[in-house]
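Please open the model in a viewer and keep the selection panel at hand. The tour proceeds by selection, stop by stop.

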Amino acid sequence: MLYAVILAGGVGSRLWPESTPERPKPFLRLFGNRTMLGETVGRLERLIPPERVLIVTGEAFAPLVRESFPGISPNNLLLEPVGRNTAAGIGLAATRILRDDPEATLAVLPADHRIEPADAFCQTLRFAADLVEENPERLITLGGKPSFPATSYGYIQRSEPLIGPTAEKGGAICSGFEVKAFREKPPLEEAKRFFDSGEFLWNAGIFVWKAKTILERLKAHEPEIARRLKTIADHVVRPDFPEILRKEFAAMPSLPIDRAVLEKTAGIVVLEAPFDWDDLGTWGAIDRVGPDKKDQNGNLPFEARIVAVDSRNNFVRSDDPEHLFALVGVEDLIVVRSGNTTLIVRKEREESVREVLERLKKS
């Protein structure tokens with residue numbers, strides 16, 4: 001059967017001051033009344049029932065998960081004792097699901113991305129699952145078609161079109177390709193080359209594969225992670241399981257699944273997403289995809305009240321609907337008010353928001 005593994009962690013530092021270590025991005029309400037995690041769970045409802053949705057998150061975030069996903073079974077909440085990136089978290093989830101279903105197929109996805117429309121997304125996951133059933137050794141990733149030369153996303157270079165009965169049948173849903181290479185976040189000039197070539201897709205961080213296959217690949221390429229996962233699995237029904245989980249998980253290397261497995265494995269398949277995708281990693285990304293409420297000068301009041309005089313292309317966000325922002329003679333600013341903190345940064349410098357957090361930690 002098809003299961004969903006939703007990764008709900010991280011800090012989302014570029015969405016500070018709204019995203020904090022205590023309430024990171026998956027638990028923010030950016031669009032409407034549901035959190036990003038709640039939106040992700042809702043998007044999957046037409047494809048995967050709640051009893052086959054597993055949330056992987058840190059121990060401290062368990063109450064926030066229950067707030068976003070009311071009624072979640074304790075068996076479907078997998079709590080990491082410490083953060084160890086996606087390879088360890090995905091491996092832990094695959095180990096957990098494999099106990100109940102040796103033939104399980106996993107759709108692995110972050111909790112905090114924007115994806116529209118949901119129907120096209122679910123059709124793509126179903127198509128990917130069919131490709132995995134056709135060849136259980138396949139590892140499938142999804143890629144978004146670039147709309148501009150982004151420097152904040154990783155890229156996937158596609159190669160030959162995927163062939164075979166399932167690929168031909170699913171061609172009406174989306175196109176599949178063999179992966180030629182994975183590329184890290186590039187500088188601007190390289191991003192422009194990627195964009196102009198038409199050979200590259202944004203790396204969406206969404207995967208479909210067999211639980212047993214990803215564990216086999218972890219064993220081949222990251223044997224320490226695999227060995228510690230087996231120790232955890234061997235102690236599941238023993239009284240010392242919580243202690244073993246904490247000890248073994250903390251000792252695992254902290255690696256993203258891309259670097260741990262995908263970049264070391266041949267025969268990866270990428271599906272070109274037939275839906276709009278963005279990881280909403282920055283306020284600038286939300287400025288691009290947010291509600292179409294910009295004024296004639298390109299100013300976007302995103303849940304905020306503004307008066308703008310001789311000002312253009314500014315993004316303003318506030319957690320207080322009564323707070324008024326007056327903009328005079330400014331342009332290309334991001335202004336975000338959250339609690340007793342206000343961020344003001346030029347759009348071109350928004351990646352530097354992380355430096356603010358570093359300075360705050362030191363002080």
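What follows is a tour of a predicted model, with stops at a pocket, salt bridges, a surface patch and two cysteines.

**First stop: the pocket**

Select Asn85, Thr86, Pro110, His113 and Pro256, the residues that lie nearest the centre of the largest pocket. The lining of this pocket comprises 46 residues, and the volume is about 1,400 Å³. Next, colour the elements that give two or more residues to the lining: strands S1 (2–8), S2 (53–58), S8 (176–183) and S9 (200–210), together with helices H3 (85–100) and H10 (257–260). Which of these elements provides the largest share of the lining? Select S9, which contributes four residues.

**Second stop: salt bridges**

Across the whole structure, a search finds 29 salt bridges. Three pairs and one network are visited here.

Begin with Arg183 and Glu190, and display their side chains. The two meet in a salt bridge with an N to O distance of 3.8 Å. Arg183 is partly exposed, at a relative accessible area of 32%, and Glu190 is also partly exposed, at 23%.

Move on to Asp287 and Lys294, whose side chains form a salt bridge at 3.6 Å, N to O. Is each partner of this pair buried or partly exposed? Asp287 counts as buried, with 8% relative accessibility, whereas Lys294 is partly exposed, with a relative accessible area of 39%.

Now select Arg337 and Asp319. Their side chains meet in a salt bridge of 3.3 Å, again N to O. Arg337 belongs to strand S16 (residues 333–338), while Asp319 sits in the loop between strand S14 (315–318) and S15; the pair therefore ties together parts that are 18 residues apart in sequence. At 18% relative accessibility Arg337 counts as buried, and at 44% Asp319 counts as partly exposed.

To finish this stop, select Arg23, Arg29 and Glu67. Salt bridges with shared partners join these residues into one network.

**Third stop: a nonpolar surface patch**

Switch to a surface representation and select Val307, Val309, Leu324 and Val328. Together they make a nonpolar surface patch of about 340 Å². Which strands each supply at least two residues of this patch? They are S13 (305–309) and S15 (324–328). Within the patch, centre the view on Val328, a residue of strand S15. Val328 is exposed, its relative accessible area being 59%.

**Last stop: two cysteines**

Select Cys122 and Cys174, and show the sulfur atoms. How many disulfides does a search of the whole structure find? The search finds zero. Why is there no bond from Cys122 to its closest cysteine sulfur? That sulfur belongs to Cys174 and is 13 Å away, which is too far for a bond; a disulfide requires the two sulfur atoms to be within 2.5 Å. Cys174 is likewise in no disulfide, the nearest cysteine sulfur being that of Cys122. A surface view complements this picture: Cys122 is buried, with a relative accessible area of 5%, and Cys174 is buried as well, at 6%. For both residues the value falls under the 20% cut-off for the buried class.

Notes:
Residues numbered from 1 in each chain as written. Predicted model: local features only at pLDDT ≥ 70, side-chain atom pairs only at ≥ 80, totals over all residues. Heavy atoms only, no water. Buried < 20%, exposed > 50% of the residue type's maximum accessible area, 1.4 Å probe, protein only. Patch = residues over 30% accessible without salt bridge, like charges linked within 9 Å, V, L, I, M, F, W, Y side chains within 5 Å. Areas by Shrake-Rupley, 256 points an atom, 1.4 Å probe, with all protein chains shown as cover. Salt bridge = Lys/Arg side-chain N within 4 Å of Asp/Glu carboxyl O. 1 Å grid on protein atoms, 1.4 Å probe; cavity = no way out; pocket = protein on both sides within 12 Å on 5 of 7 lines; lining within 4 Å. Points joined across faces, edges and corners; volume = space filled by probe spheres on them.
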